[in-house]
Amino acid sequence: MSIEAHLESLVRKHGFLESQIAQMLSRPAPDQAELSQLKREKLRLKDEIERIRSETRH
């Protein structure tokens, strides 16, 4: 898999997690443990996306 394809995949996963989090937050009583897990995964993906972008700029 090329770097560009991998980056695109990460961006899609990040967007999917963002929509899942928004959906959970619209519920009256979201599962806080699951919400925290989704937020951590989203942050991990964001960090990896930023790392790859910064490495490919050099």
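**Exercise 1. Where is the place of Glu8, and is Glu8 buried or exposed, or partly exposed?**

Before you start: this is a predicted model, where local features need pLDDT of at least 70, side-chain atom pairs count only at pLDDT 80 or more, and totals for chains, interfaces and linings use all residues. Residues are numbered from 1 along each chain as its sequence is written, and side-chain values use heavy atoms, with hydrogens and water left out.

Step 1. Glu8 sits in helix 1; helices here are DSSP runs (H or I, at least four residues), numbered from the N terminus.

Step 2. Buried means under 20% relative accessible area, exposed over 50%, and partly exposed in between (1.4 Å probe, protein chains only). Glu8 comes in at 48%, so Glu8 counts as partly exposed.

Step 3. Now look across to Ile52: 44 residues separate Glu8 and Ile52 in sequence, and their C-alpha atoms are 11 Å apart.

**Exercise 2. Work out how helix 1 and helix 2 cross.**

Step 1. Two packed helices are described by the angle between their axes and the distance between the axes.

Step 2. Take helix 1 (residues 3–25) and helix 2 (residues 32–57): their axes come within 9 Å and cross at roughly 155°. The axes are lines fitted to C-alpha atoms over the stretch in contact, with angles from 0 to 180 degrees between N-to-C directions.

Step 3. That angle makes the two helices roughly antiparallel, a label for angles over 145 degrees.

Step 4. The crossing is left-handed, meaning that the near helix is turned anticlockwise from the far one by less than a right angle.

**Exercise 3. Find the residues of the largest nonpolar core.**

Step 1. A nonpolar core is a set of buried Ala, Val, Leu, Ile, Met, Phe, Trp, Tyr and Cys residues joined through side-chain atoms within 4.5 Å.

Step 2. The largest one has ten residues: Leu7, Leu10, Leu17, Ile21, Met24, Leu35, Leu38, Leu45, Ile49 and Ile52. Helix 1 and helix 2 each supply at least two of them.

Step 3. Zoom in on Leu7. Skipping neighbours within four places in sequence, Leu7 is in contact (heavy atoms within 4.5 Å) with Ile49, Ile52 and Arg53.

**Exercise 4. Set His14 beside Leu43.**

Step 1. His14, in helix 1, has 16% relative accessibility, so His14 counts as buried.

Step 2. Leaving out neighbours within four places, His14 touches Lys42, Leu45, Lys46 and Ile49.

Step 3. Leu43, in helix 2, is partly exposed at 49%. The C-alpha atoms of Leu43 and His14 are 8.4 Å apart, with the two positions 29 residues apart along the chain.

Note on methods: Parallel < 35°, antiparallel > 145°, perpendicular 65-115°, else oblique.
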